[in-house]
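Colleague: I am new to this structure and would like a close look at a single part of it. Please take me through the inside, and show me how that part relates to what surrounds it.

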Amino acid sequence: MPITTAQFNLQSNVRQKIVSADTQQQIAVIHNGDTATSKIIYLGNSGVTINNGFHVDANNTITLPLDPGSD
């Protein structure tokens, strides 16, 4: 399984796809590298908002297993 890395500079209120679908299972490790406590990342599908997204607080890391076909 190849290892791919990417870095994103996210803008407020702008959705951005960070993991594309694959035919194999994937593991996404997401780190919010911002150190300002007010900088929260919200994860979800293309309709993600602050009300329905899974949040990653500043300077935290999460690991998400993704099934084949999931992005």
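Modeller: Gladly! A strand here is a DSSP run of E with at least two residues, a helix is a run of H or I with at least four, and both are numbered from the N terminus. Please keep in mind that this is a predicted model, in which local features need pLDDT of at least 70, side-chain atom pairs count only at pLDDT 80 or more, and totals for chains, interfaces and linings use all residues. Residues are numbered from 1 along each chain as its sequence is written, and side-chain values use heavy atoms, with hydrogens and water left out.

Let us begin with the whole chain. The protein chain has 0 helices and 4 strands, in the order β-β-β-β along the sequence. Its C-alpha atoms fill a box of roughly 35 × 25 × 15 Å along the principal axes. Among the contacts (heavy atoms within 4.5 Å) with a separation of 6 or more, 58% join residues 24 or more positions apart. Of the 71 residues, 18% count as buried, where buried means under 20% relative accessible area, exposed over 50%, and partly exposed in between (1.4 Å probe, protein chains only).

Now to the inside itself. A nonpolar core is a set of buried Ala, Val, Leu, Ile, Met, Phe, Trp, Tyr and Cys residues joined through side-chain atoms within 4.5 Å. The largest one here has 8 residues: Val19, Ala28, Ile30, Ile41, Leu43, Val56, Ile62 and Leu66. At least two residues of this core come from each of β1, β2 and β4. In soluble globular proteins, nonpolar side chains tend to be buried together.

A good place to pause is Ile62, one of these core residues. Setting aside residues up to four places away in sequence, Ile62 touches Ala28, Val29, Ile30, Leu43, Phe54 and Val56. Several of those partners are core members as well, including Ala28, Ile30, Leu43 and Val56.

From there, follow the contact to Ala28, which sits in strand β1. Its relative accessibility is 8%, so Ala28 counts as buried. Beyond its neighbours within four places in sequence, Ala28 is in contact with Val19, Ile62, Thr63, Leu64 and Leu66. Val19, Ile62 and Leu66 from that set are listed in the core too. You can also look from Ala28 toward Thr5: these two are 23 residues apart in sequence, with 9.6 Å between their C-alpha atoms.

Thr63, another partner of Ala28, gives us a step from the inside to the outside. Thr63 lies in strand β4, yet its relative accessibility is 51%, so it counts as exposed. Thr63 and Ala28 are 35 residues apart in sequence, while their C-alpha atoms are 5.7 Å apart in space. Apart from neighbours within four places in sequence, Thr63 is in contact with Ile27, Ala28 and Val29. So this pair joins an exposed residue to a buried one.

For the surroundings, start with the segment before β1, where Ala6 is found. Unlike the alanine in the core, Ala6 has 60% relative accessibility and therefore counts as exposed. From Ala6 to Ile18 is 12 residues in sequence and 8.2 Å in space, C-alpha to C-alpha. Ser12 is placed in the segment before β1 and is exposed as well, with a relative accessible area of 65%. Ser12 and Ile40 are 28 residues apart in sequence, with 9.7 Å between their C-alpha atoms.

Next along is Asn13, also in the segment before β1. Its relative accessible area is 83%, so Asn13 is exposed. Its backbone deserves a glance: phi is near 65 degrees, a positive value in a residue other than glycine. Most residues other than glycine have a negative phi. A second case is Asn59, whose phi is likewise positive and near 65 degrees. Asn59 is found in the loop between β3 (54–56) and β4, and at 48% relative accessibility it counts as partly exposed.

To retrace the route on your screen, begin at Ile62 and cross to Ala28. Then go from Ala28 to Thr63 in β4, and finish with the exposed Asn13.
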